[in-house]
Amino acid sequence: MQHYDTIIIGAGHNGLICATYLAKKGQRVLLLEASETLGGLAATREFHPGFKAAVAHTVSHFSAKVARDLNLTAHGFDSPMVPMPTVGLNAAGEHVVLTGIGVDAEIIGVSAEDAASYRQYRQLLQRFVELLEPFWLKTMPRVGDTRWSSLLTFAQLGLKMRLLGKQDMGEFMRLAMLPARDLMDENFDSELLKAVLSWDGLIGSKMAPRSPNASVLTLLYRMSGELGGAHAIPSGGIESLVQALYSAATASGVEVKIGARVGRILIQGNSDGLKTTGVELADGEQINAARVVSSTDPQRTFLELVGVENLEIEFTNRIRRLRCDGYVAKLHLALDGLPNFTGLAKPDGRMIIAVDMDAIEFAFDDAKYGGYSQQPVMEIVVPSLRHESLAPEGKHVLSAHVMYVPYKLKGGWTEDARAALCQRVIDTVAVYAPQIKAQILHSELLTPQDLEQTHQVTGGHWHHGELSVDQMLMMRPTYEAAQYSTPIPGLYLCGAGSHPGGGLMGGPGHNAARKILE
Amino acid sequence: MNTDNNAKVPAADPFADERLKRTHFYPRAAQLNIRDAWSAWNGYKFADYYYDAEYEYFCVRNGCATYDICPMQKYFISGADAETMLNRMVSRDITKLNLNRVTYLCWCTDAGRMVDDGTVFRLGADKFMLTCGSPSLAWLRKSAFGFNKLSIIDMSDEIAALSFQGPTSCEVLKQMGLEGIDSLKPFNIIHFPFGDSGGNRDDKPLMVSRTGFTGDLGYELWIKPELALDLWDALYAAGENYGIQPFGEAATNMARLEAGFIMPGMEFNEALKTIHFQHDHSPFELGLGWLVDFKKPHFNGRKALLKERDARPEYTLVKLDIEGNKPAEESHLYSDKRCNHEIGYVTSAMWSPVVKANIALAMVKTKYLQGDIWAEIYYVKELRHYSKTVRCTLQDKPFWAPARTRATPPLAY
Ligand SMILES: Cc1cc2nc3c(=O)[nH]c(=O)nc-3n(C[C@H](O)[C@H](O)[C@H](O)COP(=O)(O)OP(=O)(O)OC[C@H]3O[C@@H](n4cnc5c(N)ncnc54)[C@H](O)[C@@H]3O)c2cc1C
């Protein structure tokens, strides 16, 4: 029987990254992926003959360090990428357009006052982004751990905060938990601008502008990369990132198996306690390894693959209570030509449909009670403009993240329910791109439940579990599993459910590898 | 208008929901509770004593006596996952528990702090009864999460249970017609026909386990509520010549202390009910290390308990033999006679009539166990208050553990 140093479950970007780091250090690594495609929630698939789309459609804060460490450019990933404008859509074509990165950020479509506030706002946030920068690629201290290395991480944050100066430090403490609504109302007049700027703090989570939680932290997390919060599509598409990660993995000796679904993590017990010894595939094949690293979400990892009989009771219940219901649906349209959005020369930006913050809030309210909004809010890109091979020549793909579509719909996600929502979303897009309906060759709407099915992610959740204060940092996914190691020796986590969280970033994969190599 | 003054409807009891429930034996127990000395246990009206605590204690030690344990919590845990679920919850190895056997055990939080102690009865390959002092359904449900082939039923109100203790208890059960009871070994279970089932030998509604909380020969009788009073009557008829008498909480407390058994609220706090994180206990602190089976690869609290075992707990519960005859109730303990250096406190104390010794259970800081232990005792004599400091001696064995407790067959009377 073959013996591996490490088996990694799941070939999403984090699984690939973790595997590569370990293999580069000489480990024998086997990467097992349940589906037939790589990339997990970043996988690209054909949804209509000749038309492809990726679930995650843009990159905003992929770790530059990971790209460097794994030499991804050599493997075909064009980093740094060209940031795309973010556009707040207005039906009459009076859009708000944000361009540029960091202090070079520009804004069009708002009053001079708002434009000035925007520049200040960006500068303030940028200072906070830098404050938090070192923490995303670090193992968080264990709760109650008083060892120097752990205290140092805290001390470092403290020091960084001191360096901010008294006023900024106070502002940071105040803003960190501030609802997006208050933050925006304090700074801006334009309703559309407020909606657009709050979007990135909210998308992917069960939070709306008025939710008191850490939407600002989420926003700062997303601004952590070289793009300073702007989004981009690599010229080879999201596919090229996944492909580069795969190429880096195999080049460093990682063995990758697709269509290999892990059914169970093998755990052996004797008088020394429990220990991970390998995995059993769905077909019954057992593969041994010194350690197993799971990039599938924490609930699935512990409750399905490990089994509660191998866990402690309170720990199990904390995992059970993780909030994992996804609230983002995906719309994919195969278009006969380039869609024309009123007032936009070219739909090459990231276009947000949310006229004001109330539109977001009310859409959330519907979802909270198990419905979906008749005025859905969403983010749209036309990825085929940048990554031509997604559609046949002259044709295009539209990809939208539709917010506040509940995982659990009252009455269930029947075919009719899905079709009705799909129509509602298309009608909404058509308000801004009036001719689009005639261009649609095919449409597909994926609910969080569909995403759960296809991508084996509990709740179809963007981050594998809410990225909120109680499930963040040293609490992610929960204490006793927040340092990538788990209560079971030889079992580690490396997916979006671990610190720092989801999004195409690579933090969890990178940090887990470092922890394992410690 | 014609109102009938004689037909006044009595006002509904405004406190109906607040009143204590009555156990299945209440009609008989109430009759014998001459002193009306009731307290409460798990919402049930529960006798503190019936006539006189000391008298009842002597009945337990010299004859036989019944203790109404209906308020004790009883759970049926059954299904294909029952054994696995329980085995992960408790620190002993349940897989080694044979059919119709009972075992004493405890269960802990993830941090290795004791949630409760209790007994588990194996009633079938996939069927267990767990009994314990206070409601545990919430913890059981938490422990059950993730096990699908499992049912947990709270049978606390559905089973009438009577503890029957004392040296003549076996004899009385024999007189009652429980054939073969004398060959029942400690911690074994046996089922008997009872009442209407006399004709049908396969119907055995009476379950008897050789268990108890007095350290003496004794049994616990388990039956459906409809047969509770018949059981009481049959037992009291058979026991008439053996001085059968009900005993309450007070006598139980004396007997269990002599036997060295711990009591929640005295020796330990249930971990889920304390606020301060160090006000709960590990089994090692309570001298229950023997309930923790590290040969078992996994159970709740294992990692924390292993650490605790190796580091030794801060306090250890010990048995003390104390000079003189003044019970050391609530005494503080010192390493010196001058009481300058406090090292612990007494949790339960009494003058033991059978042992003829002044005994106590006490929590002592582990690192002082080797040295002198002094108790500062306060006592009252005819309203005059006195105090004295006396020497304490550690005892390893239970104060009271007569051979008759375990003898099979028990002595005949
Ligand atoms: C609708 C949606 C849109 C998003 N859009 C963006 C975006 O535009 N930009 C962005 O940066 N982020 C986006 N995200 C978030 C981002 O896609 C995810 O956070 C990220 O891809 C998670 O990566 P991962 O490697 O941690 O896990 P995943 O990508 O989920 O990978 C886990 C892998 O494990 C596999 N697996 C699961 N169980 C098993 C098993 N038993 N055996 C073997 N394999 C198994 C799965 O098949 C999967 O491939 C989006 C998320 C969603 C849901």
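Which residue forms a salt bridge with Asp216(B), and how many Å apart are the closest N and O atoms? In this predicted model, the partner of Asp216(B) is Arg404(B), with the closest N and O atoms 2.8 Å apart. The pair is set out below in the context of the domain arrangement of chain B, followed by the contact between the two chains.

The domain assignment divides chain B into domain 1 (16-72 + 158-247), domain 2 (73-154) and domain 3 (316-413). Asp216(B) accordingly falls within the bounds of domain 1, and Arg404(B) within those of domain 3. The centres of domain 1 of chain B and domain 3 of chain B, taken over C-alpha atoms, are separated by 31 Å. Contact between these two domains involves 19 residues of domain 1 of chain B and 13 residues of domain 3 of chain B. About 1300 Å² is buried between domain 1 of chain B and domain 3 of chain B, with 56% of this area on carbon and sulfur atoms.

With respect to polar interactions, one salt bridge is found across the interface of domain 1 of chain B and domain 3 of chain B. Eight residue pairs are in polar contact between these domains, both residues of each pair being at pLDDT 80 or more. On the side of domain 1 of chain B that touches domain 3 of chain B, at least two residues each are supplied by helix H2 (53-62) and helix H5 (169-175) of chain B. The greatest contribution to this side is that of H2(B), with three residues. Classified by type, this side of domain 1 of chain B comprises nine nonpolar, four polar and six charged residues.

The interface between the chains was examined in the same terms. Chain B contributes 21 residues to the contact and chain A contributes 22 residues. The two chains bury about 1700 Å² between them, of which 57% lies on carbon and sulfur atoms. Of the area that chain B buries against chain A, 36% is supplied by Asp110(B), Phe145(B) and His298(B), more than by any other three residues.

Zero salt bridges are found across the interface of chain B and chain A, whereas twelve residue pairs there are in polar contact, both residues being at pLDDT 80 or more. Helix H3 (82-89), helix H4 (137-144) and helix H8 (302-311) of chain B are the elements that give two or more residues to the side of chain B that touches chain A. The residues on this side of chain B divide into eight nonpolar, seven polar and six charged.

Note on methods:
Residues are numbered from 1 along each chain as its sequence is written. Chains are lettered from A and ligands numbered from 1 in the order in which they are written. This is a predicted model: local features need pLDDT of at least 70, side-chain atom pairs count only at pLDDT 80 or more; totals for chains, interfaces and linings use all residues. Side-chain values use heavy atoms; hydrogens and water are left out. Domain bounds come from an automatic or database domain assignment. Contact means heavy atoms within 4.5 Å. Buried area is the accessible area (1.4 Å probe) that two parts lose on being put together, summed over both. A salt bridge is a side-chain nitrogen of Lys or Arg within 4 Å of a carboxyl oxygen of Asp or Glu. A polar contact is a pair of N or O atoms within 3.5 Å; within protein, one must be able to donate a hydrogen and the other to accept it, and residues adjacent in sequence count only if both atoms are side-chain atoms. Helices (H or I, at least four residues) and strands (E, at least two) are DSSP runs, numbered from the N terminus. Ala, Val, Leu, Ile, Met, Phe, Trp, Tyr, Cys and Pro count as nonpolar, Asp, Glu, Lys and Arg as charged, and the others, Gly among them, as polar.
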